[in-house]
Structures are given as structure tokens and as C-alpha cells.
Amino acid sequence: MTVPSLAPDAACPPHCEGLEEVCAAGVRDMAGALTFGLVRLPHEDRRPVLMALGRTWRSEHGRPYGPGLLGAGARDRASGMIVAHVAGEAEGLWVMEQALRSGAVSAVLATVEEATLAQTRRLEFAARDGASAGILLRRTQGGLSAARRRWRITTLASFGATHDGRAPGGFRLDAELTRSRQERPGIWRLEQDDETYRLRLADRLAGDGLGERGRTGLAA
């Protein structure tokens, strides 16, 4: 699996700064949520990325292949990806906070479901201290949170390949911004570009049922 970066012409809020939450709309949407979470990370930062994966998450979704997660937009990264296995929620939160505050990593993506408002505030402060980005990858929308943005990801059926209608095309997803301190809520339909492997705004929106709310958004 090769995770693309976000194309520069996608009218989507800029890369993650501080703490964000990315939630899968359903069980089948977790791969799309992981993809989008990695796309949100700051690719220009050459410090490594840490993924803290809980035991429950690994048993349900497997262990990602680190080298393949860097994507076409980040092949020149110096240090790559660190995958850490954590036993439970408390350990995942501790690892995330310590890594963010250390300044040794550019970002931390952790599979944490039960984070309180106070705990998310600590993560936000730790991200500021370490000039890093943090993403909580969740299966459900949580309660009160200090996260700057909350996203809900829904994966979609792909269009056929450009030169072979019988072959599957690049993957597509809807990224819904449900809460933000800076932008209005909105929905962005993104698809994989065949040549660059980046996510871009989908070209074919007419007649697909996407509401007017999904056609508006602030430029990056």
C-alpha cells in the first residue's frame, strides 16, 4: 500500500498543526481514515513519523507496512516511519504525549479511542512544545476534545481505470470536516491521481449526490 500526499490544488484545510482527530464512518472505512490521517501529516518535515498502534486496533486491522506508508510525495524523507505497538489506551496516550513533546518526531498518529478533554489538552500542548503534529485515529466520534479539527472519513467505490474500464481505479473517499476552530464544516471528495498517486479533488462530481455543502471550502 502506498499512501499519497495531498495534491496542492485540493481546496482543503492545510496540513495538520497541533492536534487533530480522524474518525472512520464505519468499520470498512478505517483504511481510508488511516490514509487520510497520513496525508494530513507534514510531509516537508524530515523528522520521522511515529505510529502508536494499540493491541485491539492491530487485531482488527493488522499491522501497516511502514516503508510503504511514506507515499510518493515523501520518498525523500530522511528517517521514515517508526511503528510502536502499545498495549492499551493509557500507554498509547503516554507514548503519544512523550513523543510529541520530545521534538524528535514530526508527527505522531495514535489509535486512541477514550481520550478525555484534559488528556487532549495535554496532547495539544505537547505538540506545541515539540513543534510536532498529532492525530488521534478513532473508530467513533468522541466527546469533548481540544483537537483543532475533527474529520469523519467515508470510503467510496472507485471509478474504473482510465485505460481499462474493467480494472479498478484509484481509491476515493469523502473527508468531512465536522468541527474546526478556524474553518467552516464541509465535505471534500478526494480521489487518487493515477500519475502522481496524490489525493486530489474528484473531477467527477455531477450527479453523484454530493450536497452543496461539499462544494464549498476554504482554500489551503
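In what order do the 9 strands form the open sheet? The legends below take up this question and the views that follow from it.

**Figure 1. The open sheet of the predicted model.** The strands of this predicted model run in the order β3-β2-β4-β5-β1-β6-β7-β8-β9, with mixed pairing. Strands (E, at least two residues) and helices (H or I, at least four) are DSSP runs numbered from the N terminus, and two strands pair if DSSP finds at least two bridges between them. β3 (81-86) and β9 (199-201) are the edge strands; each has a single partner, so one side of each lacks a neighbour in the sheet. On average, neighbouring strands are turned by 25° against each other, direction ignored. Residues are numbered from 1 along each chain as its sequence is written. Local features need pLDDT of at least 70, side-chain atom pairs count only at pLDDT 80 or more, and totals for chains, interfaces and linings use all residues.

**Figure 2. Strands β1 and β5 with helix α4.** β1 (residues 18-24) pairs with β5 (residues 133-138) in the parallel sense over 6 bridges. Within this pair, E21 stands opposite L136 in β5. Helix α4 (residues 117-129) packs on the sheet and touches β1 and β5, its direction making about 130° with that of β1. Axes are lines fitted to C-alpha atoms, for helices over the stretch in contact, and angles run from 0 to 180 degrees between N-to-C directions.

**Figure 3. The largest pocket.** This pocket holds about 160 Å³ of space. Its lining includes G54, R55, T56, W57 and R139. Helix α2 (residues 55-61) gives the most to the lining, with 3 residues. A pocket is an open set of points on a 1 Å grid over the protein atoms alone, where a 1.4 Å probe fits, with protein on both sides within 12 Å along at least five of seven lines; lining residues have an atom within 4 Å of a point. The volume is the space filled by probe spheres set on the points, which are joined across faces, edges and corners.

**Figure 4. Confidence along the chain.** The mean pLDDT (the predictor's confidence in each residue, from 0 to 100) of the protein chain is 79, and 76% of its residues reach 70 or more. Over residues 71-78 the pLDDT is below 50.

Conventions. Heavy atoms only, no water. Contact = heavy atoms within 4.5 Å.
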